[in-house]
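This briefing covers aromatic ring contacts and charges placed over ring faces. Please keep the sequence and the 3D view at hand while reading.

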Amino acid sequence: MKFFTLLFSKQIIKNKYNKKNPKVFLNHVTTTTNYNENSELELENIKLHEIKNYLKQFLSFSKRREIIESLCILNNENFCEKKVLGLQSSLFGEKFIIEFFTKYIQGFEKYYIEQADLKIFSVPFSLKIINGINDIALNWNKSSKNKDNIFSENILLINKKTCINWRNGPLKANNYEKKYYTDKIYVGIYFINKYSLNNIKFSKNNKSDSVIKKIYVYEMLKNAKDNGLFIKLPDAIGNFYEVPKILNILKKNKT
C-alpha cells in the first residue's frame, strides 16, 4: 500500500485523488494504517472532501435550484399543516432529499440505522435541514437509545437561508469571537465532520434530551465553510413554477 500522508490538504486531494473512483479511494483511506491517534479528524476531512467533489458532478445549477426551491415549497402552509409546519416541513424535506439523491446520484442509498439516514459510497450520514441558523437535535426523541449523546455519524446539514446570525457576536463575546461569529453562512449543503463535534454541550427541551443550540450549529457550519466542505446552493426566489413530481408524491402520501 502506498504511503498516505494524512495531513489535511486540499492540494493533495486536487492533485492526486479527484480522478479516482470514489469508492476505491474511500476504501483506501478507511483501511490505511499510516496514521496516529490524533489524525481521525484529518482523515475524515479528506473523505468528506472526496464525497463533496463527487456530488458536485451530479448537481448542475438547475438541480441545485430544484433542491432549494423544493425545500422552500415544503415550508409552506399550503403543503404542511400550520400547527406543525416546522416539524412537517423538516420531515418532508428529508424525504425529498433522500428521494432526489437516490434518483440522481450514483453510489447513494437510504440507510436508516441509529443516527444515520443515508449512505454515500458506504459512508453514513445523518441528515439535518435548517432554515437559517436554528437549534437542531441529535434525536427528536427522549427515549432514544443513544443515551450518551455521541455523534456516531457525520452530518449532511442543508441550510435553506443565507444569513448573518449575529451582527455583534453572541452575548459576552470578546473581540476575536465577535469577528468569528459574524460570518455570513450561505445557502448550501454542508458536510459536518463527526470528529469536530467534541466540544458540543447538549441541552434539553420538552421534545429531546439532545438539543444542539444554535451557537454550536453556527460553529458546525462555519468550520465546514472554512474547510471548503460545502456545496453552495442558489438563494430561493420563491417562484418555482412547477412542483416537482417527487413533491407531488410526498404530498399524496403525507400523514
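The points below describe ring pairs, a ring cluster and lysine–ring contacts in a predicted model. The structure holds 12 aromatic pairs, and two of them are described here by geometry. A pair of aromatic rings is described by the distance of the centres and the angle of the planes.

**Phe101 and Phe108**
- Phe101 and Phe108 form an edge-to-face pair, with 5.5 Å from centre to centre and 85° between the planes.
- The relative accessible area of Phe101 is 0%, so this residue is buried.
- Phe108 also counts as buried, because its relative accessibility is 9% and the cut-off is under 20%.
- Both residues belong to a cluster linked by ring pairs, which contains Phe96, Phe100, Phe101, Tyr104 and Phe108.

**Tyr181 and Tyr218**
- The ring centres of Tyr181 and Tyr218 are 5.5 Å apart and the planes meet at 40°, so this pair is tilted.
- Tyr181 is in the loop between α6 (175–180) and β6 (188–192), whereas Tyr218 is in helix α7 (residues 214–226).
- The pair therefore ties together parts that are 37 residues apart in sequence.
- Tyr181 and Tyr218 are both buried.

**Lysines over ring faces**
- Lys119 lies over the face of Tyr111, 4.0 Å from the ring centre.
- Lys222 lies over the face of Tyr180, 5.4 Å from the ring centre.

Notes:
Residues numbered from 1 in each chain as written. Predicted model: local features only at pLDDT ≥ 70, side-chain atom pairs only at ≥ 80, totals over all residues. Heavy atoms only, no water. Phe/Tyr/Trp six-rings, centres within 6.5 Å; stacked < 30°, edge-to-face > 60°. Buried < 20%, exposed > 50% of the residue type's maximum accessible area, 1.4 Å probe, protein only. Helix = DSSP H or I, 4+ residues; strand = E, 2+ residues; numbered from the N terminus. Lys NZ or Arg CZ within 6 Å of the ring centre and 35° of its normal.
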